[in-house]
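Biologist: Please take a close look at a single part of this model and walk me through how its side chains are placed.

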Amino acid sequence: MNNDKKIFNERSMQNNGRYEYIYNQLIRIGVELPCKVIDCACGNGFGSLFFQNNGFDVVGIDNDVSTIESLKSKLNDVRIANISDLPFNDDEFDVFISSETLEHLDKTEIKKAVKEIKRVTIKNGLICITVPENKKICMENPFHKQYLSYFRLRMLFNFSVLFKGVFCKTEGERRQLVEVRF
């Protein structure tokens, strides 16, 4: 990828700034286009659209039917899927993005999800994960089933880390970003 592309200022990251952060890191380490990316639990589609608009071949997935329907007119490829049972071929994606997703899974689901993430990501592909950094804040959310520390993520994925960052989504709330290569 051309390193002359605009690198977003980390201070400008607001709301879904984690996607800009991931993008900046992918540019920094020299990820080249075409690059096939999966945006897992794509939600409002901000991340998927961001990567699509910057030349990546993106598949946005979510398990919410209404979410997917609302994104069909915006994204080139958006599908209903569950992270624990991905409807994709082995080694299909260069980059797997799971942002604010894994903490919603119980221990059994997360083991399946990790296996699926590794299966669909090419060998030496990149896995980018964001999870809440603060255990107390994480577990105050009634939809979160577990807290995943940086060390727990390393154990689950058995990865080497290319970068680890922490950024604020909103003032006083920190997010942990880990990008991995295995």
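Modeller: In this predicted model, F51 is a good place to begin, since F51 has a relative accessible area of 1% and is therefore buried. F50 also counts as buried because its relative accessibility, 10%, falls under the 20% cut-off. The rings of F50 and F51 form an edge-to-face aromatic pair, with 5.7 Å from centre to centre and 85° between the planes. Both residues belong to helix 2, which spans residues 46-53 and whose buried residues are G47, S48, F50, F51 and Q52. These buried residues of helix 2 pack against helix 1 (17-28), and also against strand 1 (36-40), strand 2 (57-62) and strand 4 (93-99). Just after helix 2, G55 takes a positive phi of about 90°.

Turning to the aromatic rings more widely, the count of aromatic pairs comes to 9. One of them is formed by Y23 and F56, again edge-to-face, with 6.3 Å between the centres and 75° between the planes. Y23 lies in helix 1, while F56 lies in the loop between helix 2 and strand 2, so this pair ties together parts that are 33 residues apart in sequence. Y23 and F56 are both buried. Ring pairs link Y23 and F56, together with Y19, F46, F50 and F51, into a cluster. A further ring, that of F93, has a charge over it: the charged end of K36 sits there, 5.2 Å from the ring centre.

Methods
Residues numbered from 1 in each chain as written. Predicted model: local features only at pLDDT ≥ 70, side-chain atom pairs only at ≥ 80, totals over all residues. Heavy atoms only, no water. Buried < 20%, exposed > 50% of the residue type's maximum accessible area, 1.4 Å probe, protein only. Helix = DSSP H or I, 4+ residues; strand = E, 2+ residues; numbered from the N terminus. Contact = heavy atoms within 4.5 Å. Phe/Tyr/Trp six-rings, centres within 6.5 Å; stacked < 30°, edge-to-face > 60°. Lys NZ or Arg CZ within 6 Å of the ring centre and 35° of its normal.
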